[in-house]
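Good morning, and thank you for coming. Please look at the sequence and the model while I speak.

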Amino acid sequence: MWNGDDIDSTWVSPAIFAAIGLAVLTYLVFEWGDAARLRRWWRRRSATSGR
């Protein structure tokens, strides 16, 4: 049954898990050294697309 008091708190748990997951993923990308490779790939992609 729908409860108006709980509707605001239903997104908190998924948002916390998403933020933690994003933080861990960002840490791992930098730790593994893939950040520089992604940056070079993005610059190459932008250069070839005419932007």
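I shall describe the overall fold, then the helices, and finally a patch on the surface.

This is a predicted model, in which local features need pLDDT of at least 70 and side-chain atom pairs count only at pLDDT 80 or more, while totals for chains, interfaces and linings use all residues. Residues are numbered from 1 along each chain as its sequence is written, and side-chain values use heavy atoms, leaving out hydrogens and water.

The protein chain contains 2 helices and 0 strands; both kinds of element are DSSP runs, numbered from the N terminus, with H or I over at least four residues for a helix and E over at least two for a strand. Of its 51 residues, 4% count as buried, where buried means under 20% relative accessible area, exposed over 50%, and partly exposed in between (1.4 Å probe, protein chains only).

Helix H1 has 21 residues and reaches 30 Å from first C-alpha to last, close to the 30 Å expected at 1.5 Å a residue; the expected span is 1.5 Å times one less than the number of residues. Just after H1, Gly 33 takes a positive phi of about 85°.

Helix H2 covers residues 34-48 and includes Ala 35. Is Ala 35 buried or exposed? Ala 35 counts as buried, because its relative accessibility is 13%. Leaving aside neighbours within four places in sequence, Ala 35 is in contact (heavy atoms within 4.5 Å) with Val 29 and Phe 30.

Lastly, Ile 16 belongs to helix H1, residues 12-32, and is partly exposed, with a relative accessible area of 46%.
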